[in-house]
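Work through the exercises below with the sequence and the model side by side. Try each task on your own before reading the solution that follows.

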Amino acid sequence: MSAIQVEKLTQRFGAVAAVDDVWLDIADGEFMVLLGPSGCGKSTLLRMIAGLLPPTEGRVLIDGVDVTHAPPQGRDLAMVFQSYALYPHLSVARNIGFPLRARDMPKRAIEAKVADVAAALDLAALLDRRPRELSGGQRQRVALGRALVRDPGAFLMDEPLSNLDAKLRAGTRAELSALHDRLGATFVYVTHDQIEAMTMATRIALLNNGRLEQVGTPEQVYDEPASTFVAEFLGTPPMNLLDVTLRSGVATAPGVTVRLDLPDRDLILGVRPEHLQLTTGDEAMLRGHVTRVENLGSEEVAICAVGAATVRVRARRPIGPRAGDTVALRADRFHLHLFHPETGRRLV
Ligand code: ATP
């Protein structure tokens with residue numbers, strides 16, 4: 001298994017820095033998820049790690065060895081793409097065994113290895129089929145099998161679940177996590193899906209505009225977002241963010257009164273929808289009215305107008321107030337997040 005280090009990695013396409021000065025240490029056996037919105041540079045970063053794209057600047061090290069200029073096949077990595085890239089005219093068995101035939105492994109040994117991998121991925125009954133005779137989930141498993149059969153030092157995956165429907169994706173997430181636990185292999189996994197990241201990652205690297213915003217465990221990035229970007233990217237609905245002015249220990253804005261024992265300044269106050277509670281007492285921090293209630297099944301989201309801002313509250317159904325009702329809301333102090341008004345970086 002392999003540890004991967006990325007130092008100062010940069011990729012410029014003309015004037016655009018698709019990846020900009022990224023430093024990242026991926027430990028041996030880690031499940032590192034590269035997360036971010038479309039166009040933030042995730043795939044470009046992965047392609048540079050894989051050796052498919054030479055960096056404009058910076059280095060890639062695998063187990064301490066500089067491989068920046070090594071070809072993909074010299075890196076002992078296996079890549080799984082969104083498109084699966086299976087050979088349509090070959091059977092499942094031959095697709096899985098392909099990398100071993102390319103290495104001139106004896107036929108018997110290939111068959112044994114393919115059988116092992118097929119058993120692990122529940123593909124044993126499908127070995128004679130062609131890719132077109134498989135479901136999306138089965139094709140995805142074959143692509144994974146072709147990567148697995150090589151026993152690589154690390155697996156690099158670019159949105160491998162994005163062609164699957166929601167139900168199959170949930171099941172495959174669990175399978176991938178179990179596979180990671182069983183193999184103890186290093187996974188580097190690209191997605192824009194926060195649920196995939198939160199459920200599978202040992203750590204998440206969140207990218208924005210080619211730059212790393214935060215690297216941390218799912219709990220760290222959710223509970224202590226380093227910036228308003230991270231705060232809004234993770235969570236459904238995302239964190240509420242309010243521009244407030246702090247004077248003499250009270251942060252205010254229209255409809256907002258929050259006691260904060262800090263020096264005078266402007267700041268952005270953040271609070272997650274699930275951390276807001278309805279209150280009737282003097283401890284109200286936010287006052288406004290409900291504009292709409294959305295039913296999520298077991299929970300509801302009340303969308304509230306607080307001054308000119310929109311604040312969302314999430315709680316078990318029925319949440320109580322309906323459209324048109326006035327509401328007063330509070331949160332515990334440790335659930336309040338404070339950010340710099342211009343840079344959006346976390347303050348405390
Ligand atoms: P997605 O989730 O949509 O695949 P991504 O985060 O993987 O997005 P990249 O594919 O890495 O993003 O692209 C990052 C930026 O670099 C984008 O603005 C993209 O348009 C640009 N880009 C990527 N490849 C090239 C290229 N070969 N030439 C020019 N620009 C490129």
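**Exercise 1. Find which residue of strand 18 is the bridge partner of Ala 302, and describe the hairpin around this pair.**

Solution. In this predicted model, begin with the two strands themselves: strand 17 covers residues 299-306 and strand 18 covers residues 309-316, and they pair in the antiparallel sense over eight bridges. Next, follow the pairing from Ala 302 across to strand 18, where the bridge partner is Val 313. Finally, look at the turn of the hairpin, where two residues stand between the strands and Gly 307 takes a positive phi near 55°.

**Exercise 2. Determine the order of the strands in the open sheet of four strands, and say which strands stand at its edges.**

Solution. First, read the order across the sheet, which is 2-1-4-5, with antiparallel pairing. Second, note that strand 2 and strand 5 each have a single partner strand, so one side of each is left without a neighbour in the sheet, and these two strands stand at the edges. Third, examine the pairing of strand 4 with strand 5, which is antiparallel and runs over two bridges; here Ile 62 stands opposite Val 65 in strand 5. A general point helps when you look at any such sheet: in a regular strand the side chains alternate between the two faces of the sheet.

**Exercise 3. Asp 63 and Asp 122 both have a positive phi; locate each residue and decide whether it is buried, partly exposed or exposed.**

Solution. Take Asp 63 to begin with: its phi is near 50°, a positive value in a residue other than glycine, and Asp 63 lies in the loop between strand 4 (57-62) and strand 5 (65-66). To judge its exposure, count the other C-beta atoms within 10 Å, of which there are 14, so Asp 63 is partly exposed. Then turn to Asp 122, whose phi is near 60° and which is found in the loop between helix 3 (107-120) and helix 4 (136-148). Here the count within 10 Å is 11 other C-beta atoms, and because a residue with 12 or fewer is classed as exposed, Asp 122 is exposed.

**Exercise 4. Describe the surroundings of Pro 131, and list its contacts beyond four places in sequence.**

Solution. Locate Pro 131 in the loop between helix 3 and helix 4. With 18 C-beta neighbours inside 10 Å, Pro 131 counts as partly exposed. Now leave aside the neighbours within four places in sequence; the contacts of Pro 131 are then Leu 86, Pro 88, Asn 95, Arg 139 and Val 142. For one of these, Asn 95, compare sequence and space: Pro 131 and Asn 95 are 36 residues apart along the chain, while their C-alpha atoms are 8.9 Å apart.

**Exercise 5. Where are the cis peptide bonds that join Thr 236 to Pro 237 and Arg 317 to Pro 318?**

Solution. For the bond between Thr 236 and Pro 237, omega is about -15°, and Pro 237 is found in the loop between helix 8 (228-233) and strand 11 (240-247). For the bond between Arg 317 and Pro 318, omega is about 0°, and Pro 318 is found in the loop between strand 18 and strand 19 (326-330).

**Exercise 6. Identify which elements supply at least two residues each to the shell around the ligand, and sort the shell by residue class.**

Solution. Start from the residues around the ligand, among them Phe 13, Val 16, Lys 42, Ser 43 and His 192. Then assign residues to elements: strand 2 (16-26) and helix 1 (42-50) each supply at least two, and helix 1 gives the most, with three residues. By class, the shell divides into four nonpolar, seven polar and one charged.

**Exercise 7. Into which domains is the protein divided, and how many residues does each give to the contact between them?**

Solution. The protein is divided into domain 1 (4-233) and domain 2 (240-339), and their C-alpha centres lie 39 Å apart. The contact takes five residues from domain 1 and five residues from domain 2. On the side of domain 1 that touches domain 2, there are two nonpolar, two polar and one charged residues. As a last step, consult the record: an unreviewed UniProt entry carries the annotation "domain: ABC transporter" over residues 4-234, a stretch that is 36% helix and 26% strand in the model.

Methods. Residues are numbered from 1 along each chain as its sequence is written. This is a predicted model: local features need pLDDT of at least 70, side-chain atom pairs count only at pLDDT 80 or more; totals for chains, interfaces and linings use all residues. A residue is near a molecule or strand if its C-beta atom, placed from the backbone, lies within 6 Å of it. Ala, Val, Leu, Ile, Met, Phe, Trp, Tyr, Cys and Pro count as nonpolar, Asp, Glu, Lys and Arg as charged, and the others, Gly among them, as polar. Domain bounds come from an automatic or database domain assignment. Two residues are in contact if their C-beta atoms, placed from the backbone, lie within 7 Å. Two strands pair if DSSP finds at least two bridges between them. UniProt positions are given in the numbering used here, feature names are shortened, and annotations may be inferred rather than shown by experiment. A residue is buried if 20 or more other C-beta atoms lie within 10 Å of its own, exposed if 12 or fewer, and partly exposed in between; C-beta atoms are placed from the backbone.
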